[in-house]
Amino acid sequence: MDLRIAVVIPVSRSPMSYVFFDRWHAVFEEARAMLASYGVRIWTVHAKHYSVGMARELGVQNALDAGATHIFFLDDDIIPAPNTPNPLVMLLSIFTPIACGIYYEKNLRGLNIHKFMEEGTPLLDKDGKPVRVKYLDGKERAAVTFYPNYTPQEVDEWMRKYGVLMPVGGCGLGMALIDARVFQELPKPWFHMNPVFGEDLYFLTKARTYLKVRPIAHLGVRGWHILGSTFVLDWNGNVIPHASL
C-alpha cells in the first residue's frame, strides 16, 4: 500500500511561528521513518485565502490533484504536546475515514471535540452568556448549536471507562487525518462558514449526512494552541509560556 499524505495548512492570517515549524518538522521526519515500508510520501500544501474555509477547499483540491490518499489538516497555531505519540502515525493507525487529535480551543469553551445533540442547545460565550449572531435572513437571534464542546474532565472520565478512542459528534480540524475518498464522494463545497459554527463542523455535518461517517478522536494525540509569540494553551486550557516548551 502506497501512502501519499498531503499536509494541508490553511492560512488566513499572519505567518506561522518558529515553534510550529520546529515541532512539526520533527513529527514528519519521524513519520517518514516509521512508515517507510509503506512507500510513504508526505508533503506540505500551504493554502492561503482570506477565508479559512476557502483555504481548506483549495488545499484539498490541490492535494487530490497530486494524488493524495490522505489529507492531514494542520492549523498553523497547533503544535504537538510534549511527549505525545507521533500524531500523524497514531491517527493513521485508527483506520477510520476521519480521525482527530485533541486541543483546547481559543474561545475557552472547551476542547475541539464535540458532542452531537438531537436538540439544539444555547451557544454560550466564555462568560456563560448567550451568543447572538446574524443569520442568513439578516436577523439577529440567540445562537443555538448542536455541537457543544467536551471538557477535559469529561474526557478523563471517558478514558478511564473505554480507553483512548472516542467517537465524537464533531471536531475542530486543527489536527485531523481524513481519507481522501471522503472528499471524492462528497459534493462541493466541502467547507462553508455557518453563522453559528465554523467550516469544519459544516464539513463534518455533510459527511455524516451523505456518507454516514463520524469522526473518531484519539485522546492520546494532544496538541497545544499557540497564543501569539509568548504563550500556548495546553490541552487542559492552562496558559503556558513558550520558554517552558
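This is a short walk through the structure, one selection at a time. Keep in mind that you are looking at a predicted model.

**Stop 1: strand β1**

Start by selecting residues 4–11, which make up strand β1. How many of its eight residues are buried? Seven of them are, so β1 is largely enclosed by the rest of the structure.

Now bring up the strands beside it. Add residues 41–48, which is strand β2; β1 and β2 pair in the parallel sense, over eight bridges. Then add residues 70–74 for strand β3, which runs parallel to β1 and is joined to it by four bridges.

V7 is a good residue to click on here. Its bridge partner in β2 is T44, and its bridge partner in β3 is F72. While you have the side chains switched on, remember that in a regular strand they alternate between the two faces of the sheet.

**Stop 2: the nonpolar cores**

Next, select I71, F73, I113, F183 and F203. These are the residues with the most contacts inside the largest nonpolar core, which has 47 residues. Which helix gives this core its largest share? That would be helix α6 (residues 199–211), with four residues.

Zoom in on F183 and show what surrounds it. Leaving out residues up to four places away in sequence, F183 touches V60, L64, I71, F73, I178, W190, F191 and F203. Apart from this core there is another one, of 34 residues; to find it, select W24, F28, I216 and I226, which are among its members.

**Stop 3: E199 and its company**

Go back to helix α6 and pick out E199, which has its place there. Is E199 buried or exposed? With a relative accessible area of 6%, E199 is buried; the cut-off for that word is under 20%.

Who keeps E199 company in there? Setting aside neighbours within four places in sequence, E199 is in contact with V52, G53, R56, F191, H192 and M193. Put R56 and E199 on screen together: their side chains make a polar contact at 2.8 Å. Then add D75 to the view, since R56, D75 and E199 are linked in a network of salt bridges.

**Stop 4: a salt bridge in helix α1**

A search of the whole structure turns up nine salt bridges. For one that sits within a helix, select residues 18–34, helix α1, and find R32 and E29, which lie three residues apart there, about one turn of the helix. The two form a salt bridge, with their closest N and O atoms 2.8 Å apart. R32 is partly exposed at 31% relative accessibility, and E29 is partly exposed too, with a relative accessible area of 40%.

**Stop 5: helix α4, from both sides**

Finish with residues 152–162, helix α4, and colour P152, V155 and W158, the buried residues of this helix. Why do they end up on the same side of α4? Because they cover an arc of only 115 degrees around the axis. To see what they lean on, show residues 113–114 (β6), 165–167 (β11) and 216–227 (β14): the buried residues of α4 pack against these strands.

Now turn the helix around. On the other side of α4 you will find Q153, R160 and K161, which are exposed. R160 has a relative accessible area of 62%, and K161 has one of 56%.

Add E157 to the picture, a residue that is partly exposed at 34% relative accessibility. What does E157 pair up with? One partner is R160: the two form a salt bridge, with the closest N and O atoms 2.8 Å apart. E157 and R160 sit three residues apart in α4, about one turn of the helix. The other pairing to look at is with K161, whose side chain meets that of E157 in a salt bridge at 3.9 Å, N to O. K161 and E157 are four residues apart in α4, again about one turn of the helix.

One last click, just past the end of α4: select G163, which takes a positive phi of about 105 degrees.

Notes: Residues are numbered from 1 along each chain as its sequence is written. This is a predicted model: local features need pLDDT of at least 70, side-chain atom pairs count only at pLDDT 80 or more; totals for chains, interfaces and linings use all residues. Side-chain values use heavy atoms; hydrogens and water are left out. Buried means under 20% relative accessible area, exposed over 50%, partly exposed in between (1.4 Å probe, protein chains only). Helices (H or I, at least four residues) and strands (E, at least two) are DSSP runs, numbered from the N terminus. The arc is that of the directions from the helix axis to the C-beta atoms. Contact means heavy atoms within 4.5 Å. Two strands pair if DSSP finds at least two bridges between them. A nonpolar core is a set of buried Ala, Val, Leu, Ile, Met, Phe, Trp, Tyr and Cys residues joined through side-chain atoms within 4.5 Å. A polar contact is a pair of N or O atoms within 3.5 Å; within protein, one must be able to donate a hydrogen and the other to accept it, and residues adjacent in sequence count only if both atoms are side-chain atoms. A salt bridge is a side-chain nitrogen of Lys or Arg within 4 Å of a carboxyl oxygen of Asp or Glu.
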